[in-house]
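Colleague: I would like to understand how the labels in a structural description are justified. Could we go through some of them together, setting each value against its cut-off?

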Amino acid sequence: MEQETHTLEDLKDAIGGTTETEVAPAEPKIDKFGRAYATGKRKNAIARVWIKPGSGKISINGRDLERYFARPVLRMILNQPLVTAERQNQYDIVATVVGGGLSGQAGAIRHGISRALTYFEPTLRGVLKKDGFLTRDSRVVERKKYGRAKARRSFQFSKR
């Protein structure tokens, strides 16, 4: 005859497990060269990012950060995930980025750095997710429609 279960403790004893959900700690995703790889996207830009422990050197498309992004605002955008995670000058970053303009490329690299950091150190996921660095900004430019000057703007009206 089967044993009746009336409480959670009885059920736990019957199945031989625990009632709490056990979550295993996430494993780092590191390749054989000691790097973590991630893809970041923003507008029409796509960035491939590799991070590895180092002195903090950032290389984009074979050029250093100051040469590729001359505007300080774009460099600040790139460093936001590292500042939030308190990991400045601890990782060497190599990125290749294609498509879009400089602003979209900076956003794509920031997204890629954030994802690569979570692959290298899974404990940083909560910190980066809270500030929105792991979310892909899905806003893209609306296409131009026929009979319009731009996506929504009409041609100037003239009564003549």
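Colleague: What makes the meeting of the Asp137 and Arg42 side chains a salt bridge?

Modeller: In this predicted model, the N to O distance between the side chains of Asp137 and Arg42 is 3.6 Å, and a salt bridge asks for a side-chain nitrogen of Lys or Arg within 4 Å of a carboxyl oxygen of Asp or Glu, so the pair qualifies. Asp137 lies in the segment after helix 5 while Arg42 belongs to strand 1 (residues 36–42), so the bridge ties together parts that are 95 residues apart in sequence. Arg139 also belongs to the picture, since Arg42, Asp137 and Arg139 are linked in a network of salt bridges.

Colleague: Why is Arg42 called buried, and why is Asp137 called partly exposed?

Modeller: Buried means under 20% relative accessible area, and exposed means over 50%. Arg42 has a relative accessible area of 16%, and is therefore buried, whereas Asp137, with 23%, falls in between and is therefore partly exposed.

Colleague: How do you know that Asp31 and Arg35 form a salt bridge, and what makes each of them partly exposed?

Modeller: The closest N and O atoms of Asp31 and Arg35 are 3.1 Å apart, and because the limit is 4 Å, the pair counts as a salt bridge. Asp31 has a relative accessible area of 30% and Arg35 has 27%; partly exposed covers what is between the limits of 20% and 50%, so this label applies to Asp31 and to Arg35.

Colleague: Why does the pair of Lys145 and Glu142 count as a salt bridge?

Modeller: The side chains of Lys145 and Glu142 meet at 2.5 Å, N to O, and this passes because the cut-off is 4 Å. Lys145, at 25% relative accessibility, is partly exposed, and Glu142, at 36%, is partly exposed as well.

Colleague: How many salt bridges does the rule give?

Modeller: The count comes to six salt bridges.

Colleague: What makes the link between the side chains of Glu121 and Tyr91 a polar contact?

Modeller: The side chains of Glu121 and Tyr91 are joined at 2.2 Å, and the label fits because a polar contact needs a pair of N or O atoms within 3.5 Å. Glu121 is found in the loop between helix 4 (102–120) and helix 5 (125–130), and, leaving aside residues up to four places away in sequence, Glu121 touches Arg87 and Tyr91.

Colleague: Why is Glu121 counted as buried?

Modeller: The relative accessibility of Glu121 is 17%, and because buried means under 20%, Glu121 counts as buried.

Methods. Residues numbered from 1 in each chain as written. Predicted model: local features only at pLDDT ≥ 70, side-chain atom pairs only at ≥ 80, totals over all residues. Heavy atoms only, no water. Helix = DSSP H or I, 4+ residues; strand = E, 2+ residues; numbered from the N terminus. Buried < 20%, exposed > 50% of the residue type's maximum accessible area, 1.4 Å probe, protein only. Polar contact = N/O pair within 3.5 Å; in protein donor to acceptor, adjacent residues only side chain to side chain. Contact = heavy atoms within 4.5 Å.
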